[in-house]
Every structure is written in C-alpha cells, then in structure tokens.
Amino acid sequence: MMLRSRYVFMVSPFLIALWTFCAVAGESVEGTPAGKKLHVAVVTGGHRFNETEFLKIFQSLYGITFEHHPEKVGGELFEDISNWPYDVVVLYNYQRKITPKQQKNFLRLMDQGIGLVVLHHANDAYLNWPEYSKITGVVFHNDKWKQGGVEMARSGWKDGVKFKVHVADPDHPIVQGLVDYDITDETYCRTTIDPDVDVLLTTEEPTSDKILGWTKTYRNSRVCYLQSGHGPTAYKNPNYIKLVRRAIRWSVVAMKSLIDIAVEQTPEHQIRFRSGKTIYVEALLGDRWVGRSWNTEGREDLPLWKAAEPAFLIEIKDNPEAKAGKPFTDGWQWVSASELAKTDRGARHFVVELSNKSFPIQLKVHTLLDGTPILTRWLEITNNAAKSIALTGVSPWTGRLWAEDAPVTLGHAIKMTVEESKLRPRISEDRNEGWFGWTPLSSGTNAFEETRGLTYDKPYFILRNESNGEHFYGQLAWATNYMMEFNKNDGLSFQIGPSAANALRVIAAGETITTPAVHLGMINGDFDATVQAMHDHVRRSVSPRRKPERSYLVQYQIPPDWPFCNYRDDEFNEENMKKSIDMAATVGCELFLLDGPGWCVGCGNWLEANPKRFPRGLGPLVEYAHNKGLLFGLYAEPEGGRDGKPGTGGSVGGDCAGMTMWKDSKVFRQHPDWFSGNPPVLNLSIPGAAAYFETNLGQIIERHQLDLYRHDFCAVKRGQGSETRRDGFMECDYWRHYGALYGTFRRLRAKYPNLILQQAANGNARLDLGTVGAFHEQFTSDWAWYPYAYRMLSGLSVELPPEIYGHGNGMAPRDALPDLDTTLRCAYAAGNTPMIFNALLPKSVEELTPEIREKCLHYAGIYKQFIRPLLPTCKVYHHAPVNATSSVESGQWFAMEFTSPDRTKAWALVVRFPKAGNQYLLKPKGLDSGKEYSVTFDNTGKTEVFKGSDLMRDGVTIRLDASRASELLLLEAR
C-alpha cells in the first residue's frame, strides 16, 4: 500500500470528506459533512448590536457548533492558541487594538489554515495593526487620506437603506444557486478594496461601494468578507443567513480545490502538484528526477508516462582547462522534501532536496503554487566540493509536456519583417518590441536564442496542441541572453534557461546559488484563457504589491531630448516645467514625470540639477507639483549604458547639450574599475559598485523627494557583456549583475513603501518576469508611431497584464499620430497605466483650447470612473491584430476587450489602421449571455441595449468616418 504524507498543511479525513461533498453540483457548501461538526469562534465587542438576534444566525446553522467570544479590550481570543479548538473564526468585532503577541498568534493560525469569515464592521477592527487590512482585503478610512496627492474623503456609512444585491460570480460555491435579492441594511462607501480579491456580490446602490462581498487567500487560509450585517433586518434575511453558513463551510476546506501537494513515500518519492485544475507529477526514477505527467482535468488517476525525461538540466565544469562542462542528468539521490512557509502573497512553497552520487553538489528544487494554473520553479545549487566549479549551463525546468505526437503551434516573440520595419522611422528590424506571432513546430529540435545581451524578444512561449486544444504558457525570469528548445519527437519536450559563451556563474566551495525562475503552466482553454491565466499569475505572485492610492495614476511625461518635445535644451527649465505642471493638472493628470537625463549636471551626477536650467534645484518643482495636487516623478540612469554628448543638442538617442560624461563624474574618476564597456556600464557584479549603486539610488530618491523613480538603462547591444576571471574560470557578469539589481530594488521597495518604481530600460529591453518582479510599472517603448504602437501593445499584452505598462502616448511627430481622440482613447482605454507625452498638448494652459481641454477631461473621466476600478482584475480578450491564429502584423485593425471578472462591466477599444476600410465587426467574448447590456458608443455618446447572447453571436458593427480612426465602447449589465 502506498503511504501518502502531506507537509505542513495536514488535511484531515474529515476535511477531505467535506471537500468531496462540497464538489457535488447544486449543493455547493450547503450539505452536512461527514464526521464531526465544525467548531466556530464568533468574536464580537466594541460595537453595539442586537446580540440575541445576531447569535440566532449561528444557532440555526446545522452541522456547526459555536462559542461566543465578546472582546473587552481586543484580541483576547488570540492570546493563547496552544490548545486551539476552532476550525473557523467569525469576526464581528470592532475593538481597535490587538497586542503584538496576539498579532503573532493570529498569523500562526493563518499559517495553519484556519478559516476566517469577516462580517460588516469588523473591517474596521484592530486599527493599530496594518497587516489586518491585508488579511481582510479592505481599508475603512476613519480620517481623510490622500490618493495621488489629492485629499480623499473618509469612508462613510448610511443605515436603513433598502437595496438590491447582485450575485457577481454565480459559479462560486458561496453564492452558487443564489439569485439577486433585496436587503435592508447599513451601507459603506469610499473604502479601499484590495484589487486581488475574488468578487462575490455587488450593488448599484449609490450610498454603497460597488463590491459587497469577496473571498481571498492569506497565507494558508481562506478568507471571506461580507459587508452586510448591521442589524436584525440583515440577520433575518434568509439570503444573508445562507451566505454566512456557506462562507463558514467554504473557509474550512483548506484550499483543497485550489492547491494541493502530495508526496508518495515509495522508492520513486513521487510528488503530485495541483494548482487549480492543473496537475503535474514528478518523481525520482532510478537516479534521475523526471516529470511524469501533466493534465488539466484535476484527475489523479491518469496513467503516468513511461518516458523518464529529466525535469532540469545542469552542466558543470570543475576544471578551467576543460573545453566544455559536463551535464548532470543522472546520479541523483533523495535527501528530503518539505513545505516552507507560505509566501506573503499566499503561494505554497515546496522544496525537494537531492544530492549527486558522482559529484559533490546538492540541489534543492523549489516549486511555488498560487492557485492559478501557472507553477513557479527554480533551483538552488550548493557546491560541496573543496574547490570552485563553474556552472556552464542550466535549465531550471525541462521535460515532456505532451506524451503523444500532435501538431503543435508556438506563440512567441518573432522577428519584424523587413517590410514592416521600413514603415517605421528609426526602428531597426531587430528590436521586435511586442512582436508576437505564431510558428508551427517542425519535427525534431526547434531552437530559439538571444545573444545580443538585450532581450527585445522575451524568453516566453505559448504552445497550442492542435489536436486537443490544450495550451502551455511558459516564461523565464531572465533579462538577457537565453536559449529555449522544443523537441517534437513522439510527443513534445522543452528546455529553457539563461545562456553564456563561458561560465554563467562560478560557484565557490561551500557556496549556494539560486537560478532564475521558470513560470510554467498547462491550461485547458483557448488562447484568451491561456493569456488570462498568466495575467492572473503575474498579478498574484510576480508584480509587487501596490498601494491603491498610488496605482495606475495618470502621468504627464516631459523629457527634453526628442526633436518634437515642447521644451528642449535651455528651454527645459524651471519656469517652463511649471507651465507643464499647470498643463498636467488642467487636463486631469495625477503625476508629473520629469523625464530624460537633461535635468541633471551630467551622467553619474544624479544628485545635482543643471544649475543653468534649475538654479534652485528640483525642490521648487516638487513643491509646485504637490501644491497642484500632482505627485512628482524623476528619470535617472545610474546604472550607466550611454553617455553625455556635450554640444549635440537633444537629438533622439543622444542627450541634452552641456551634460558632462561618465568619465567626468566623481565615481568614475575614483573607481574606473567599476565600469565596463563603452559607453560605460556600472558593473554590479562588483560588490563595491553594487553598494554604491544602492546608496546612490537612495540619495536620488531622498534628495529630490520623489514619489516615482524612473530607471533607465540605455546600453547598446552588449552581446556576452563583460566577463571576470574567477578561480581560473571566465565568468559572464550578467548573473551577478542582475542579482544585485533585483536585490537593490527589492530593498528600496521596503525602505520607501510609498515610492512608485518604474523601469524604462532601453525602451522595452527588460520586460522579463525577473524585472517585472522588481518594479511596479514597466515602460513599453520609445516608439509611439501609428500604427506601430498599437500592433506592439497588442503583442505586449500577451506577455504581461497590460495595466503594469506605461506607454508614451503622443511620443511621435504629429504626422505619425492618428487623430487626437484616438491617441487619447489609446492612452486611457488600451488597458495601460495612462501616460501623456507632453508634445500631444500645447506648451501652456493659455494655448490650450476649450475643445482640447474638454477632450482630455472626458477621457480622463472615463478612465478614473469606469476603467481604473476594473483595471487590476480585468480579463483581457485579444481580437486584432493578435488573436488565437493571427500575429502582430496581421490585418489592419486593433481591437481589444476588457471585462470585469463578474462580467457586469466591460470596455472595448477599436482602432483602424491606415489601410483598413471604414467598419469593423466586434464580437465580444467575455460577456454573460444571460444578461442585457447597455452599450455606450463614445463617438456619438449614444447608448443602446443589447442581449449578451446577441452581442457574442452577432457582434456589433463599428463604423468610422474619415475624421476618426477609433471607437470606444462602454458596456454595463442592466
């Protein structure tokens, strides 16, 4: 008999039985579980309520026993958890304080997977503990607060309101089978809700926030919040009673339906990972760690593959004189397996430890599961030899994806055609920014690589099995040279990893290194579902957490070094920047970005403003922006990569007149050995250089009082980059450089929690998941020519959730832009964080016509009121030019659809390219066929009502006259 053990999160037979029962359609979490009753702690205190009527809710719940715990001071229930008896905690308390010891115990319970249900005013408990709002997913603002520099009103409430509650996610077990219902209760408004929550209930009641109920995970626990529950009119509502009962039962299911890790203690030490409905199995067959199967059916009884293909590849050289490294595929033996603490984002973290019988190296195989179909994998390699070794090759994840031969199509970064590049001024054909396309895989090995040192073509892939419609999506978190291969021979196998001509990394005796991560998942769905799975994963587990009040702000971008900028060279000064700040505030922007390097003395001197243009420094600009209600952002290039060119003016690709060069900077004069290449790059693989870099960044942020820091790295193609001889081996510096870079920005995020970090490396050269994990925002490209920019945005939104991009809308000559409405629509409705390039608007408010001002405020209003609330969780649907069969250069239209997860709201943007006709048929994909939608056509302002089924089946025809190249549709369920 196979024995199965589960690590850390022990799932009892009772919980397994409960989960099995809950999976029955129609019953959801309503039925009576086998075994003991659930034991619930109901916590109250600090707020008056009708205790008798409230507790009747729990007295009526069959299969549940409860104990009432009225708090006197706050947190008493969590003072001692040594003999904790409860399966679920229900919070209906309002006490304001919780002690550090009680906080620690609360978090320990979350690690243990205790279910948590939060009701009504408990969203405002434990005010002295900031982590509590992260647990619940909501902030109730007791005082005025600021968002984007603008003072916001405190949260509000109103009692005795009769309103309708809408079931937003009818497939969720808590609300399954419920229909929209009326309730009389107290409403809350102007709270801040975590954008990552899974919405259950909404309302259109104007005195209430739209979202009324949600679920989320925190560490190992499930959390449900229900906004209703002020008094007896709610307590007695049968729908409310049902919701509380279901929330309690759902919260105790221990995430079995989302994430599971099973270890079979057999000679093979087989591990089964389950995330969502995706299951992946690995095992030690003989002396090789191998992948044994993938499936998206959630089935554990499917046969395993007989083929024993390795699940990772490592190549090591132990002698500097050796011509090549030796692959270590075999010789592995089991050491241990364990589950580490959950990540702060709630992902489960499992580690398998192996050692090699033929060489003294230890290996830890790390896997993260976050509930999406995408798993994260990296290796930890320890050198137990008495001397240094060189890692000459590594693929953190390899192996078989499909066991049977079938036609497979690869979606990936493709080369721009020569014809297309000729249409784009100053864009070389090898930049390939966002250039996504489809390539059928041929039999044998299909190899793809990057050797230029700058990854315009990112290390990612989508694979579609043409026989069964299944997809794989994989990305390597690595910003420079890489290789990936797909071997199509009796099925399909893959490998992906960083590459270097010599050693990737020299590992000293006793040293441990960590490889870049591979993010990989199997999806049983179409192309849109596959892209959405990766978007969900990136939002949940990769992109750094953001403060809602400093997220997705409308930005005004003004550099001096483009020929069509409003102010260039010496006109780029304090007086004119204040005019630009006035313009930004007037047209509805929320952040002013002083872009380009021309504001400073010179390269390497980022603390001093150019004394001729900004004789008083940047402080007056920061103060002026804040007084206008704007945040202040600043661009710098402290990593190096290009140099000042005195006297050349502000030509594209150059710098502003009068800037000094890196060689003139103090740091270069004192430490020329810290730099490599020409123009110089600060080599962060050198510890002293890395320490200086981090200190300098902190000084830039503090000296200039920054709300946003924009980091550029405008290096030329660096190929293999610099190399360093270490213990006889020649090592490429990239591995250490990027490790230092990411570590620096991770620490900066912790040190400056209010700072927005934006990266803009070489206009799209660093958009891998390693970089995405270091910065809040990513700049798309320096090239905004029409229609190139919209083809690019269609492709880039396959790689990453579009809201983390900022795009320089209007960053092109006037004759290379469409009409103003189209440019503004794309700024606000292409799914990106809006960024307005200064040349799109006049130089000063005095020159701004009422018509243009009205247009700007119109689109900014749509964004702030309709689009931005949906942006962090929206489902993205690609219509054109990129879709399930078409590449980025296909067709003459751009069309994308963005839908809220509950399918009650959506918007769609359609843009005509110059060679297109005057009409486009849009068939929305993400609507609810059972609902009616009011559709507002922005060109005319008219609203029409359509059935969702009709829209999805027949579509809606977009007709454009010669004056406008676009249309924006706003859809709301009735």
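**Exercise 1. Find how strand S55 (residues 932–937) is joined to strand S56 (residues 942–947), and in which sense the two run.**

Solution. Start with the terms: strands are DSSP runs of E with at least two residues, helices are runs of H or I with at least four residues, and both are numbered from the N terminus. Two strands pair if DSSP finds at least two bridges between them. Here six bridges join S55 to S56, and the strands run antiparallel. Next, look across from Tyr933, which stands opposite Phe946 in S56. Then turn to the hairpin of these strands, where four residues lie between them and Gly941 takes a positive phi near 80 degrees. Finally, S55 also pairs with strand S58 (residues 966–973), in the antiparallel sense over five bridges, and in S58 the bridge partner of Tyr933 is Ala973.

The model is predicted, so local features need pLDDT of at least 70 and side-chain atom pairs count only at pLDDT 80 or more, while totals for chains, interfaces and linings use all residues. Residues are numbered from 1 along each chain as its sequence is written, and side-chain values use heavy atoms, with hydrogens and water left out.

**Exercise 2. Decide which strands pair with S44 (residues 708–711), and whether its residues are buried or exposed.**

Solution. Strand S41 (residues 631–636) pairs with S44 in the parallel sense over four bridges, with Gly633 as the bridge partner of Leu708. Strand S47 (residues 756–759) also pairs with S44 in the parallel sense over four bridges, and there Leu708 stands opposite Ile756. For burial, use relative accessible area, where buried means under 20%, exposed over 50% and partly exposed in between (1.4 Å probe, protein chains only). Leu708 and Arg710 on one side of S44, and Tyr709 and His711 on the other, are all buried, and both faces are therefore covered.

**Exercise 3. Explain why Cys600 and Cys874 form no disulfide.**

Solution. A disulfide is a pair of cysteine sulfur atoms within 2.5 Å. The closest cysteine sulfur to that of Cys600 is in Cys603, 6.5 Å away, which is too far for a bond. For Cys874 the closest is in Cys826, at 16 Å, again too far. Both cysteines count as buried, Cys600 at 0% relative accessibility and Cys874 at 1%. Over the whole structure, the number of disulfides is zero.
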